[in-house]
Amino acid sequence: MSVATQDTAIRTGRVTRTLIYLVLVLFALFYMLPLYVMVVNSVKPLEEITGGGMMNLPVVFTLEPWAKAWSSAQIGVEPTGLSPYFWNSIKMVVPAVAISTVLGALNGYVLTKWRFKYDTIVFGLILFACFIPFQIVLIPMAKMLGLMGLAGTTWGLVLVHVVYGVGFTTLYFRNYYAVFPTELIRAAQIDGAGFFQIFWRILLPSSGPIAVVSIIWQFTNIWNDFLFGASFAGAGSQPMTVALNNLVQASHGVKEYNVHFAGAILAALPTLLVYIVAGRYFVRGLMAGSVKG
Amino acid sequence: MGFLDIDNTTKSYGAVEVLHKVDISVQEGEFLVLVGPSGCGKSTLLNMIAGLEEITSGEIRIKDAVMNGVHPSKRNIAMVFQSYALYPNMTVGQNITFGLEMHGTPKPERDKAMKDVASLLQIEQLLDRKPGALSGGQRQRVAMGRALVRNPDVFLFDEPLSNLDAKLRVDMRTEIKKLHQKLGTTIVYVTHDQIEAMTLSTRIAVMNGGYVQQLGTPQEIYDAPANIFVATFMGSPAMNVLPAKVEIENGRPTAQVILHDGSTVSLPFSQDNMKDWAGKEILLGIRPETITDEDAADRKSSNIAHMTNRIVVTEPAGSDTFVTMTLGGKDVIARMRSDANVQAGADFTFAVNMEKAVAFDPKTEARIAP
Amino acid sequence: MALSADTDFKTRLQTWLPKLVLSPSLALVLVFVYGFILFSVYLSFTDSRLLPSFGWVGWENYSKLWRLSHWETSLTNMGIFAALYIGICTALGLSLAIFLDQKIRGEGFIRTIYLYPMALSFIVTGTAWKWFLDPGIGLENVMQSWGWTSFEFDWIKNRDFAIYTVVLAAVWQTSGFVMAMFLAGLRGIDNEILKAAQMDGASNWNLYRRIIIPQLRPAFLSAFVILSHLAIKTFDLVIALTGGGPGRATELPATFMYSYTFSRNQMGIGAASATIMLMTIAAIMIPYLYAELREKK
Amino acid sequence: MRSLLKMNTALALALSVTAGAATADGHGGVEVLHWWTSGGEAAALNVLKDDLEGQGIGWTDMPVAGGGGEQAMTVLRARVTAGNAPTAVQGLGFDIIDWADQGALANLNDVAAAEGWDDVIPAALQRFAKVNGQWVSAPVNVHSTNWVWANKAVLDANGIAVPETWEDFVAALGTLSAAGVTPIAHGGQAWQEATVFDAVAMSVLGPDGYKAAFIDLDSETLGSDGMKEAFDRMGVIRANVDDNFSGRDWNLATAMVINGEAGFQMMGDWAKGEFLNAGKVPGEDFLCFRFPGTSAQVTFNADQFMMFDQGGAVSAEQAALATAILSPSFQSAFNVVKGSVPARTDVSDEAFDDCGKKGMADLSAAASSGNLFGSMAHGHANPASVKNAIYDVVTAHFNGEYDSETAVQELVDAVEIAQ
């Protein structure tokens with residue numbers, strides 16, 4: 001649709017097309033299934049859920065669980081609901097995504113347009129960092145954050161997410177800028193533009209598609225992160241996932257599944273929104289950068 | 001000292017030297033063309049003049065100021081790129097004035113300069129468009145406008161016409177020539193197209209393998225190529241190069257050339273110094289247009305030789321007809337008038353203007369005469 | 001003449017700027033990735049339990065590690081999981097991308113549906129999946145209540161099959177993303193080549209097999225990097241879906257590492273398992289990165 | 001005069017609000033890391049919070065749920081490593097001892113002496129609150145884990161009396177099975193299996209054997225025939241569990257008993273809350289009794305609040321928190337909600353229901369007769385590494401990976417590696 005409306009040269013028969021549609025719709029159902037389960041059960045009273053029939057539509061429709069999950073469910077000692085944590089997440093995600101994307105863009109710019117000796121090794125080092133299992137960094141990271149005085153703060157979390165996201169953003173921007181015509185950079189140099197002016201005036205305005213990919217990727221990962229959020233957040237900076245976990249994982253006590261599901265959907269709304277709004281640019285961005293050699 | 005001096009300049013990537021001691025001095029207002037096959041080092045040299053590549057050794061000076069290590073934007077040069085390198089996110093107008101903006105020129109002056117350039121290049125109506133909405137020729141003009149507006153000391157062109165179709169290329173060629181005559185700026189122009197080189201330049205540097213093979217006016221290059229590479233690279237169809245043996249006949253040096261049937265024809269040289277080569281093998285260079293029929297032979301020439309040889313193929317090309325024959329064991333092309341009475345398979349008597357013939361040393365491939 | 005003396009500060013700054021700009025990222029990565037890796041390797045040779053401690057014990061943690069039967073279980077599971085997950089995601093992603101590339105009506109809508117699971121974490125969807133796979137209330141129950149009484153789907157409860165349910169949920173999450181990558185790759189292919197191939201008489205099948213799919217090599221490689229990175233980091237999913245059970249049947253190296261380091265207070269063994277994991281990753285990724293980056297030069 | 005008082009209160013309130021804002025770095029209030037986030041528990045904890053705030057002490061809440069406190073312990077490690085330990089942290093059994101051994105905990109001896117903790121807290125529990133002669137944490141409650149919960153209607157319908165012995169119990173299971181009722185509701189998670197195993201092992205090995213095996217980690221006892229018998233009995237229990245047990249949460253298993261789908265569940269006293277929430281009455285709708293063969297013994301786990309050292313001395317806030325936790329009124333109020341019994345034995349049982357009263361009586365009886373033991377399944381018998389090693393074997397056996405013979409060998413081996 002939105003992506004390169006070029007003519008596909010492939011021709012298919014009517015039977016084949018019907019089959020293709022059938023397969024596509026079946027898979028669409030498969031992908032929708034968990035969301036369906038969550039939505040349906042989030043608008044049922046609890047008795048209806050414990051009575052069985054998780055696929056059934058609600059007999060009694062209620063938005064009570066949503067209201068409760070948002071504003072009055074017990075997360076800690078006070079029944080605050082998820083709402084305060086939502087803002088904690090926003091305060092952490094926005095700077096973390098912005099900084100890691102800008103750093104990735106600058107790195108990609110340097111690594112493709114200002115090549116120097118050993119630049120591929122530097123890139124390799126940055127890229128390999130994507131593969132470090134997060135479980136092993138918890139303790140040393142805690143120590144570092146403590147030394148830097150960032151323990152328990154939102155900025156500490158931002159730092160952590162930037163560190164472990166910059167490998168991906170660099171990869172995306174590097175691949176994108178690799179096919180960006182070098183002559184443009186040279187022309188700008190002759191025109192007298194400096195390092196940052198070239199980046200700001202020439203490269204960045206053309207980086208929309210890959211920025212979308214980078215932002216979607218980072219936003220999703222950081223918003224959904226639990227491990228770092230739980231380990232490094234302080235009392236005032238715990239993100240949404242930690243609160244959701246507190247809601248869902250409450251150990252001893254009645255499990256209000258409808259509230260859990262409502263909370264889960266609430267926690268997922270921002271990422272869902274990002275996918276739906278920016279999704280149409282996503283394939284275009286991938287096409288422009290990350291899948292090219 | 002010239003306006004632009006390239007003084008003993010070399011370029012190496014690691015241990016590999018790709019440009020060997022280039023030494024060119026360009027006068028103010030000159031149009032220098034660097035021509036050669038791809039990989040000959042011509043674009044590297046241009047980039048070094050622009051400051052886009054570092055100079056390994058030697059010096060480049062503009063107006064006597066050493067440019068080594070000077071940032072491109074401080075050299076007062078402008079460059080037109082093969083892909084035009086127009087900034088896709090800016091309008092034509094912004095593209096043209098970007099350089100001025102970067103140099104801190106105030107807006108009113110920028111606008112005036114932009115208008116002047118736009119009217120010069122007749123692109124006023126395009127100023128608000130984005131490059132994506134322009135045709136190839138229009139982009140070319142914008143790219144030139146961007147260079148012109150800076151009013152630089154030296155213009156650098158990097159194969160600016162190679163992305164255009166044949167018709168447009170010829171038009172733009174003329175356009176560039178006109179501009180040069182009008183503005184009188186110093187230009188260094190890179191191309192692999194020898195016709196562009198011949199038509200545009202005041203001087204040509206023919207490059208190959210990282211060496212400047214010959215530096216001279218178009219006429220010098222054409223008439224007295226320094227070696228076989230230059231001889232065959234410049235001119236279309238290329239100069240015929242065939243083996244011959246030098247003999248003294250009647251006190252004059254002659255080239256003994258084997259015809260299609262194995263018999264020998266004797267073609268007298270105009271140059272006396274060919275006597276030194278008596279009894280030796282040489283390579284004889286003859287331009288196709290100097291092999292004609294008797295009627296078309298150059299009246300002013302003092303040395304027309306004749307030979308009868310069999311025609312293998314004829315190729316009528318409108319204004320001319322190209323005739324292929326076997327001479328000295330090679331395919332040799334003659335350029336005839338279109339009304340010449342030539343037929344494939346027939347024998348024909350050709351007139352060869354030996355005044356224009358060139359001889360090369362078969363070992364060094366360097367020219368020995370004239 | 002005049003210029004060379006102060007070949008000026010600004011120009012020199014311009015030549016240093018790129019490295020200057022790159023250096024914060026490089027410094028961060030060197031400290032927070034490579035420094036931490038070294039730290040972790042060092043810990044694997046110490047008697048650390050609750051917190052890091054620095055008594056040197058040599059290879060003891062490694063010998064203990066290899067005596068643990070469920071370390072082997074977790075490695076086997078990793079093999080099965082990674083192979084199936086990467087394989088199925090790639091195959092499914094490619095197939096769906098090809099289908100979706102046939103000028104499908106409502107493509108944007110379908111694409112969003114396929115992509116959205118990537119937006120959700122398993123903290124969010126874990127419970128839904130758990131229910132769905134649970135024979136008592138999930139698919140099996142629903143099918144049986146719809147009259148298909150012989151329907152059985154109890155993999156999640158079965159020691160030998162539970163790992164496949166982990167694969168299923170993981171594939172659900174990422175195959176849409178892989179689909180998008182392939183779709184982007186397909187859209188990038190020059191249509192003239194396809195037309196030429198059709199004139200050569202290639203059937204659709206051959207067109208894809210011989211002409212199109214080979215051209216998707218970069219997309220395959222990107223998919224491989226992303227998928228292997230996700231496979232290695234799979235953690236939340238197992239915790240949410242099976243908790244490593246039934247028994248320890250779905251333990252993966254990441255959960256093993258976490259459980260020894262944090263739940264069991266045997267940080268030394270946890271670090272040893274992390275070291276082995278990292279070496280395995282390096283053994284796979286370094287040749288790949290080397291080949292990739294060299295080629296692009 | 002009166003208005004002056006009012007003004008003072010308002011001022012104090014305003015001050016406490018600002019103090020609360022400043023507590024992120026642990027000054028002027030308490031920061032409490034805990035995993036009590038479900039409705040009842042959290043509400044009960046809120047009582048404590050209100051109590052402290054009434055004294056002008058701010059409460060910064062740091063809830064991290066997951067894995068029965070495992071997640072919170074991970075967070076705690078990160079916080080301590082960062083040099084940013086919370087003032088008070090919910091802790092269990094050996095975790096407290098481990099932290100005390102690290103020297104990370106504050107010395108509460110002065111508070112304990114003033115409040116007379118030594119006399120009112122059972123010795124078996126003191127083992128986890130008083131390390132090397134120092135009080136380091138304040139116990140909140142005692143859960144006992146060797147309970148069996150039964151649906152009274154189901155038992156009555158099948159003519160089953162409360163089983164006193166293993167044989168009775170097996171017979172009852174057979175009866176239920178024949179009647180088409182799932183005999184035992186069980187959730188297939190390692191800790192639940194270990195909870196059952198705890199009770200079974202206690203009944204087979206007796207208190208001395210239990211202590212030798214799980215507390216002293218005597219390899220002979222661990223590899224004894226009695227241990228094999230315990231595993232055999234686990235096999236019997238496995239045979240009486242429905243096929244769909246794997247991964248089930250404990251509360252869903254409880255729901256099976258509540259709904260009459262199953263007869264029994266072996267679970268700690270927190271299960272009672274589920275019955276009460278469903279409107280069931282102890283003694284009328286459901287029964288609580290000790291696992292057959294363990295009627296004199298109590299295996300327990302206790303939630304406590306460890307006080308982390310905040311630069312040498314115990315802070316006034318920590319002392320106030322500890323005092324508040326061990327005040328009889330909070331002990332009563334909290335444990336009524338939680339289903340557990342007070343950590344101090346001198347609290348009135350007036351507010352408790354039948355099961356609670358029985359629990360309190362059992363606890364003080366067991367404490368005085370030396371029959372009170374820390375629960376292996378809940379980290380009160382041995383360190384986390386050993387506990388999890390035992391989990392591995394028990395859960396593998398329960399899921400059919402090992403037969404009883406192999407399980408015994410693996411148990412000896414696993415415990416050895418883990419030490």
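**Exercise 1. Two helices from two chains**

Find how helix 1 of chain A and helix 5 of chain C cross in this predicted model, and decide whether they are roughly parallel, perpendicular or oblique.

*Solution.* Start with the geometry: two packed helices are described by the angle between their axes and the distance between the axes. Here helix 1 (residues 14–42) of chain A and helix 5 (residues 122–133) of chain C have axes that come within 9 Å. The crossing angle is roughly 100 degrees. Angles of 65 to 115 degrees count as roughly perpendicular, so helix 1 of chain A is roughly perpendicular to helix 5 of chain C.

Next, look at who meets whom. Helix 1 of chain A brings L33(A), P34(A), V37(A) and M38(A), while helix 5 of chain C brings T125(C), A128(C), W129(C), W131(C) and F132(C). Sorted by class, this contact has eight nonpolar residues, one polar residue and no charged residues.

**Exercise 2. Two domains in chain A**

Work out where the domains of chain A lie and which elements of domain 1 touch domain 2.

*Solution.* First, mark the bounds: domain 1 covers 14–68 and domain 2 covers 83–290 of chain A. Their C-alpha centres lie 31 Å apart.

Then turn to the contact, which takes 11 residues from domain 1 and eight residues from domain 2 of chain A. On the domain 1 side, helix 1, helix 2 (46–50) and helix 3 (64–72) of chain A each give two or more residues. Helix 1 of chain A gives the most, with four residues. To finish, class the residues on this side of domain 1: seven are nonpolar, two polar and two charged.

**Exercise 3. Chain A against chain D**

Which helices of chain A supply at least two residues each to the side that touches chain D?

*Solution.* Count the contact to begin with: 31 residues come from chain A and 36 residues from chain D. On the chain A side, the helices you want are helix 6 (138–148), helix 11 (227–232) and helix 12 (240–249). The largest share, six residues, comes from helix 6 of chain A. As for class, the chain A side has 14 nonpolar, 14 polar and three charged residues.

**Exercise 4. An open sheet in chain D**

Trace the strand order of the five-stranded sheet in chain D and name its edge strands.

*Solution.* Walking across the open sheet of chain D, you pass the strands in the order 2-1-3-13-6, with mixed pairing. Strand 2 (58–63) and strand 6 (137–139) of chain D each pair on one side only, which makes them the edge strands. From one strand to the next, the twist averages 30 degrees.

Now zoom in on one pair. Strand 3 (residues 88–92) and strand 13 (residues 303–307) of chain D are antiparallel over five bridges. Within strand 13 of chain D, Q304(D) is the residue opposite G91(D).

**Exercise 5. Two hairpins in chain B**

Follow strands 11, 12 and 13 of chain B and find the turn residue with a positive phi in each hairpin.

*Solution.* Take strand 11 (residues 240–249) and strand 12 (residues 252–258) of chain B: they pair in the antiparallel sense over five bridges. V246(B) has A255(B) as its bridge partner in strand 12 of chain B. Two residues lie between these strands of the hairpin, and N250(B) in the turn has a positive phi of about 55 degrees.

Continue to strand 13 (residues 264–268) of chain B, which pairs with strand 12 of chain B, antiparallel, over five bridges. Here T254(B) faces P268(B) in strand 13 of chain B. This hairpin has five residues between its strands, and G262(B) takes a positive phi near 95 degrees.

Terms used: Residues numbered from 1 in each chain as written. Chains lettered and ligands numbered in written order. Predicted model: local features only at pLDDT ≥ 70, side-chain atom pairs only at ≥ 80, totals over all residues. Contact = placed C-beta atoms within 7 Å. Nonpolar A, V, L, I, M, F, W, Y, C, P; charged D, E, K, R; others polar. Axes fitted to C-alpha atoms, helices over the stretch in contact; angles between N-to-C directions. Parallel < 35°, antiparallel > 145°, perpendicular 65-115°, else oblique. Domains from an automatic or database assignment. Pairing = 2+ DSSP bridges.
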